[in-house]
Amino acid sequence: MSAAQWRRAMNSGASRSATARWTTTPAEPAQRAVEAPRVGPAILASLRGIRLHHIVVLAALVAYPLVASPFFTFQIGGQSLALGIIALSLSFLGGQGGMVSLAQQSVAGVAGYMVAIFGTSIDPISLHWPWWLAVVAGLLIATLFATFVGWLSVRTEGIYTIMITLAIGVAFYYLTLQNYSLFAGHRGFNQVHAPTAFETNMRDAVPFYYLALACAVAGYGFIQYLIRSPFGIALQGVRDNPRRMRALGYNVTGHRVAAYSVAGLLAAVGGVLMVWYNNQISPESVGLGAMIDILVIAVLGGLRHPIGAFIGAVVFVLLQNFAIDLIDRERFNTVIGGVFLMIVLFSPDGLLGLWVMLRSRLQLNGAQAVLRRGGAS
Amino acid sequence: MSTERLRLWIWSIVIGGPLVVFAVWAINDNPRQFLSTFLNGVTLAALYFLVASGFTLVFGLMRNVNLAHGSLYLLGAYVGWEVGDATDSWLLAVAAGFLTAALVGLFLQVAIFRFMQGQDLRQTMITIGISIVLADLMLWQWGGLIYQFDPPRIIFGSLPLPIVKGYPTYRIVLFVGAVVIGVLLWWFLNRTRVGMMIRAGVDDRAMLAASGINVQRVFAITFAIGAGMAGFAGVVGGTALSISPGEDTRYLLASLVVVIVGGMGSITGAAVGALLIGLAEQFGLAYEPTYGIIFTFVVMVLVLAFRPRGILGRPA
């Protein structure tokens, strides 16, 4: 190996570990790697991971519609959960796989468009299939699309991912905008109603909230399970050092593409919920703004942990609904962009990171106070 | 080596064959449309090259994916329009567009990116945040209106050409201008001292710093030039087409695709990529309007499938 090659290898390793350090705590995966084989099946491990606060939060979420108004149930609760699912798919890809994909909203959009095309809407393009068939078709096609995006973008590494996924996403936006025969051009599909199933109308606030909650809990549990599974651990290995994993005989490309597929399915579920929430889908839903919103949500909460996606979504939706009250004009984008900038600049681990920092500082202060008291007496 | 050459031949025939067939058919069918589409493609490529060269320069040296590049384009265009409107001078407008974007770029590098070297993901996220805020503030200031420049009288109007009866003079000038700027950039990078420092930095940052050169200053200069190119292209492109909110996305996509196709960090690559994408886009729009964007996308997919680092890209 020549000196130049050596230096290059060192440089690329350093930059990769810099990104890795930013997205995760280095100690965490190692700990899990030791733990998982001993506990046995990963599903048991994730069940054993359930703590009291999980149950309390879940109970609070189930009870939420009983105390909240329909507006808070639907606009705040339902939308946060649906957006959170899409952001969760990004935080899985970014946090566990080290691949920050901006195309997750496009995957969700593909699912939404397919539901509108195969299912029911006011547009003559729609095929009026039964809703469950349209949903299955939508999820399937969106997952295939995500796999394709993954196959394309894992051919290069690191920061190139964000560029390629961004280019794919914006290209999809322009396709939906220009194409009238399939995607109905700029007007999109209107009146894509949620179905009436099991004698309840999913369009109503409370049923939609519970539907979104069920999907979110299932998605969250699935991701938590996946992180502890051998696949998840191998993926973290691929994120931290692809070279070493390749040398150990792991199929690095395969793991990455599989991560894209799994995340794609999750994003597709969120996309179907979003199209039912909005009752419509149009190019705006998959535009650059929407793509970046998902990134903002995931980063706001903290890419490091799956729950960050939902925390970010709640903060985002609250800001979206009430920022207009805070400032006189509709400068929501300036507010959310500013908040995002502040988070990225000062707390790269998002709100969760901020909380951890705050807690450790408080504990430190408490400990110092105890010490001081001890010294005085 | 001979199998390599054979493969090259096979691929040239597989990709080039249908293109030649299409060209023969299109020229037979309607030579005027074909030629004007070709000219549109080439002049659009000139504009894309102007935007993308700044993007690729910054990326090549600092590994900073500046996703606010489209916003700098739009900012340069708006400020240039204001100056042009106030002074009635197109050349002053161009200078103002360049300077504004360059100053913003310089500020970003000196105040923010200098402190987070090597954290490329974080830098990229910051540029995303900046582009959100800038887009919104520009919408606030200039509204959703469409602005347009008038170029100086000498290059206004149309130029008589064979087959295509008349073609806007300005666009021809734009193409010639882009070639001149490309050559100037090449000269700057290959023949001047600062250019050599930049190229040395692209190859090996640490070694450049070790040989006693103030790398931060080189970075600041590069960022200012790269951002300035975006603002410059904003005024030039705003004259050829128009300025409105949403153009930032369009030119961001153009720069991204051009550098992905051409190879990141290479000026020549940006020229090749711009030519391919400009032609693909215009021919797509002219011959298959509702699927036009697909052609651009197919070019990108093909290049990524066979040359993941772009046509002229080198391993990072």
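This report describes the nonpolar core, one helix and the domain contact of a predicted model.

Local features are given for pLDDT of at least 70 and side-chain atom pairs only at pLDDT 80 or more, while totals for chains, interfaces and linings use all residues. Residues are numbered from 1 along each chain as its sequence is written, and chains are lettered from A in the order in which they are written.

The largest nonpolar core (buried Ala, Val, Leu, Ile, Met, Phe, Trp, Tyr and Cys residues joined through C-beta atoms within 7 Å) has 203 residues, of which Ala167(A), Tyr48(B) and Val51(B) touch the most other members. Helix 12 of chain A, residues 252-278, gives the most to this core, with 16 residues. A residue is buried if 20 or more other C-beta atoms, placed from the backbone, lie within 10 Å of its own. By that count 21 of the 27 residues of helix 12 of chain A are buried, so this helix is largely enclosed by the rest of the structure. Just after helix 12 of chain A, Asn279(A) takes a positive phi of about 65 degrees.

The domain assignment of chain A, whose bounds come from an automatic or database source, gives two domains. They are listed here with the residues that each brings to their contact (C-beta atoms, placed from the backbone, within 7 Å).

| Domain of chain A | Bounds | Residues in the contact |
|---|---|---|
| domain 1 | 27-333 | eleven residues |
| domain 2 | 347-377 | five residues |

On the side of domain 1 of chain A that touches domain 2 of chain A, helix 14 of chain A gives the most, with four residues.

Note on methods:
Buried ≥ 20, exposed ≤ 12 C-beta atoms within 10 Å, placed from the backbone. Helix = DSSP H or I, 4+ residues; strand = E, 2+ residues; numbered from the N terminus. Contact = placed C-beta atoms within 7 Å.
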